[in-house]
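Let's take a walk through this model together. Keep the viewer open and turn the structure as we go.

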Amino acid sequence: MKPHRIRAGTPRPLPQVAAHDQEEDCYIIIGNKGNGGPKVYDVTKYLEDHPGGSEVICELAGKYADDMFEDIGHSNEARKQLKEFLVGTLDATEEELAALRAPAHTGNGDSFLLVAVAGALLAAVGGYFVFMA
């Protein structure tokens with residue numbers, strides 16, 4: 001059972017936020033020390049209106065989305081609109097915050113494979129031009 005909705009502005013513990021990880025019940029965490037700290041937003045009703053599609057947000061449901069939000073370069077209008085969905089600040093320890101910000105490492109070697117394929121393609125293209133010259 002999901003926790004009941006509490007009034008906006010109430011600090012939200014990380015486990016409570018993480019429980020809102022579905023399209024029908026979607027919270028995200030946006031914010032860092034530079035902009036007032038991590039805050040929790042209930043974006044469930046906004047998903048269909050998101051210009052980038054609901055999938056982009058749903059991937060980060062119940063999780064830290066600040067890096068993605070900042071990397072996209074959202075407009076000032078988007079930042080103002082986000083305030084409509086604020087449910088509170090994130091109540092987390094420094095260790096929990098550091099873990100949220102750390103890139104997830106799956107250990108499955110996808111990065112290595114990507115570099116290897118890119119290197120092979122580069123070598124093939126370079127070889128083509130050397131032999132065709």
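## A guided walk

The side chain of arginine 12 reaches out to the backbone oxygen of threonine 10, at 3.0 Å. Keep in mind as you look that this is a predicted model. The side chain of arginine 12 also gets to a second backbone oxygen, that of valine 87, at 2.6 Å. Arginine 12 itself sits in strand E1, which covers residues 12-13. What about a charged partner for arginine 12? Although arginine 12 is buried, it has no salt bridge. The nearest side chain of opposite charge belongs to aspartate 42, and that one is 8.0 Å away. A salt bridge has to come within 4 Å, so the 8.0 Å between arginine 12 and aspartate 42 doesn't make the cut.

So what is aspartate 42 up to instead? Its side chain makes a polar contact of 2.7 Å with the side chain of threonine 44. You'll find aspartate 42 in strand E4, residues 39-42. With a relative accessibility of 14%, aspartate 42 counts as buried, because the limit for that label is under 20%.

Time to zoom out for a moment. The protein chain has six helices and five strands. Read from the N terminus, the elements go β-α-β-β-β-α-α-α-β-α-α. The protein chain has 133 residues, and 29% of them count as buried.

Now for the aromatics. How many aromatic pairs does a search of the whole structure find? The search turns up one. The rings belong to tyrosine 46 and phenylalanine 85, with centres 5.4 Å apart and planes at 45 degrees, so this pair is tilted. Tyrosine 46 is in the loop between E4 and helix H2 (54-58), while phenylalanine 85 is in the loop between helix H4 (76-82) and strand E5 (86-91), so the pair ties together parts that are 39 residues apart in sequence. Are these two residues buried or exposed? Tyrosine 46 is buried at 14% relative accessible area, and phenylalanine 85 counts as buried too, at 15%.

Let's carry on into strand E5, where leucine 90 has its place. Leucine 90 has a relative accessibility of 11% and counts as buried. Check its C-alpha atom against that of glycine 31: they are separated by 9.3 Å, with these positions 59 residues apart along the chain.

Back to charges. How many salt bridges does the count come to? The answer is one. It's formed by the side chains of arginine 79 and glutamate 70, at 2.9 Å from N to O. Unlike the buried arginine 12, arginine 79 is partly exposed, with a relative accessible area of 29%. Glutamate 70 also counts as partly exposed, at 29% relative accessibility.

On to the surface. Val56, Met68 and Ile72 form a nonpolar patch there, and together they have about 250 Å² of accessible area. Isoleucine 72 comes from helix H3, residues 66-72, and at 53% relative accessibility it counts as exposed. Valine 56 comes from helix H2 and is partly exposed, with a relative accessible area of 34%. Residues need over 30% relative accessible area to join a patch, so valine 56 qualifies on that score with its 34%. How far apart are valine 56 and methionine 68 in space, C-alpha to C-alpha? They are 9.3 Å apart, and 12 residues apart in sequence.

One last stop: alanine 99, which lies in helix H5, residues 94-101. Alanine 99 is exposed, with a relative accessible area of 54%. From the C-alpha atom of alanine 99 to that of tyrosine 64 is 9.8 Å, although the two residues are 35 residues apart along the chain.

Definitions and conventions. Residues numbered from 1 in each chain as written. Predicted model: local features only at pLDDT ≥ 70, side-chain atom pairs only at ≥ 80, totals over all residues. Heavy atoms only, no water. Buried < 20%, exposed > 50% of the residue type's maximum accessible area, 1.4 Å probe, protein only. Patch = residues over 30% accessible without salt bridge, like charges linked within 9 Å, V, L, I, M, F, W, Y side chains within 5 Å. Areas by Shrake-Rupley, 256 points an atom, 1.4 Å probe, with all protein chains shown as cover. Helix = DSSP H or I, 4+ residues; strand = E, 2+ residues; numbered from the N terminus. Polar contact = N/O pair within 3.5 Å; in protein donor to acceptor, adjacent residues only side chain to side chain. Phe/Tyr/Trp six-rings, centres within 6.5 Å; stacked < 30°, edge-to-face > 60°. Lys, Arg positive; Asp, Glu negative; His and termini not counted.
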